[in-house]
Amino acid sequence: MNKMVIGVLLACVVSCVGDAGAESEMSQASVELSVVPLSHFDLSWIGTQKECESRALRVLTEAIRKARKDPDYRFFVDNTYMLYQYVMLRPEQLEVVKRLVKAGQLEINPQWGMPHTDDNVGESNVRNIFYAKKFVMENFGVDPVVLSYTDLPEWMVQTPQILRG
């Protein structure tokens with residue numbers, strides 16, 4: 001992980017926890033910090049669709065390998081299309097993926113792709129989330145509720161309502 005990112009994370013933790021020596025409610029609280037890896041999968045951004053899908057397959061294969069080996073390992077799949085491609089190309093892994101998703105080791109971002117929400121009309125954004133959630137619920141038996149707009153400059157203020165259905 002980039003040193004700058006780690007520094008920003010640590011600065012956030014320090015500012016959230018407060019001065020450890022201060023007699024305050026905040027200093028008495030315990031704080032748990034989780035760092036969850038993800039892959040920033042921009043389809044066709046840095047290669048052809050086939051090249052990007054191949055890269056995504058390698059990333060997910062490695063994440064699944066680590067999750068099977070270590071029950072404390074977590075991975076955030078940042079778009080549902082990436083997981084769809086994985087199970088279509090590796091159907092023998094479907095049950096393994098289901099188990100990891102249900103165990104919370106693979107968290108699936110309920111976005112089919114990674115749209116720039118300011119470039120699309122509202123209906124496209126709603127369908128992007130709707131179809132992703134539908135795929136995850138039908139194939140993995142969970143309702144994804146953690147949504148991340150990984151690198152987008154904007155997000156829709158209606159996102160919480162859309163996630164609730």
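# A walk through the fold

Of the chain's 165 residues, 33% count as buried. Keep in mind that you're looking at a predicted model.

**Stop 1: the whole chain.** Color by secondary structure to begin. You should find 7 helices and 2 strands, and going along the sequence they follow the pattern α-α-α-β-α-α-β-α-α. Now switch on the surface. The accessible area comes to about 10,500 Å², and carbon and sulfur atoms account for 57% of that. As for how the chain folds back on itself, take the contacts between residues at least 6 apart in sequence: 66% of them join residues at least 24 apart.

**Stop 2: the main core.** Hide the surface and select Val97, Leu106 and Phe140. These are the residues with the most contacts inside the largest nonpolar core, which has 22 residues. Which elements each supply at least two residues of this core? Select helix 3, strand 1 (75-77), helix 4, helix 5 (94-102), strand 2 (106-108) and helix 6 (122-140), and you have them. Helix 3 gives the most, with 6 residues.

Stay with Phe140 and show its neighbors. Leaving out residues up to four places away in sequence, Phe140 touches Leu83, Val87, Leu94, Val97, Lys98, Val101, Lys102, Ile108 and Phe135. Two lysines, Lys98 and Lys102, are on that list, so don't filter your selection down to nonpolar side chains.

**Stop 3: the other core.** Next, pick Ile129, Tyr149, Ile162 and Leu163. They are among the 5 residues of another core, which lies apart from the big one.

**Stop 4: Pro144.** Leu163 leads us to our next residue, since Pro144 touches it. Pro144 is in the loop between helix 6 and helix 7 (159-164). Is this loop proline buried or exposed? Buried, with a relative accessible area of 3%; the cut-off for that label is under 20%. Show what surrounds it: not counting residues up to four places away in sequence, Pro144 touches Ile108, Pro110, Lys133, Val136, Met137 and Leu163. For a distance to try in the viewer, go from the C-alpha of Pro144 to that of Ala132: the two are 12 residues apart along the chain and separated by 8.9 Å.

**Stop 5: helix 4.** Select residues 80-89. How many of the 10 residues of helix 4 are buried? The count is 7, so the helix is mostly covered. The buried ones are Thr80, Tyr81, Met82, Leu83, Gln85, Tyr86 and Val87. Show what they pack against and you'll light up helix 3, strand 1, helix 5, strand 2 and helix 6.

Now zoom in on Gln85, found in helix 4. Gln85 is buried, with a relative accessible area of 15%. Its C-alpha is 9.5 Å from that of Ser54, although the two are 31 residues apart in sequence.

**Stop 6: the cavity.** Gln85 also takes us to the last stop, as one of the residues lining the largest cavity. The structure holds 1 cavity of 30 Å³ or more, and the volume of the largest is about 40 Å³. To see its walls, select Glu53, Ala56, Leu57, Met82, Gln85, Tyr86 and Leu89. Helix 3 (49-69) and helix 4 (80-89) are the elements giving two or more residues to this lining, and helix 4 has the largest share, 4 residues. Color the lining by class to finish: 5 nonpolar, 1 polar and 1 charged.

Key:
Residues numbered from 1 in each chain as written. Predicted model: local features only at pLDDT ≥ 70, side-chain atom pairs only at ≥ 80, totals over all residues. Heavy atoms only, no water. Buried < 20%, exposed > 50% of the residue type's maximum accessible area, 1.4 Å probe, protein only. Contact = heavy atoms within 4.5 Å. Areas by Shrake-Rupley, 256 points an atom, 1.4 Å probe, with all protein chains shown as cover. 1 Å grid on protein atoms, 1.4 Å probe; cavity = no way out; pocket = protein on both sides within 12 Å on 5 of 7 lines; lining within 4 Å. Points joined across faces, edges and corners; volume = space filled by probe spheres on them. Nonpolar A, V, L, I, M, F, W, Y, C, P; charged D, E, K, R; others polar. Core = buried A, V, L, I, M, F, W, Y, C linked by side-chain atoms within 4.5 Å.
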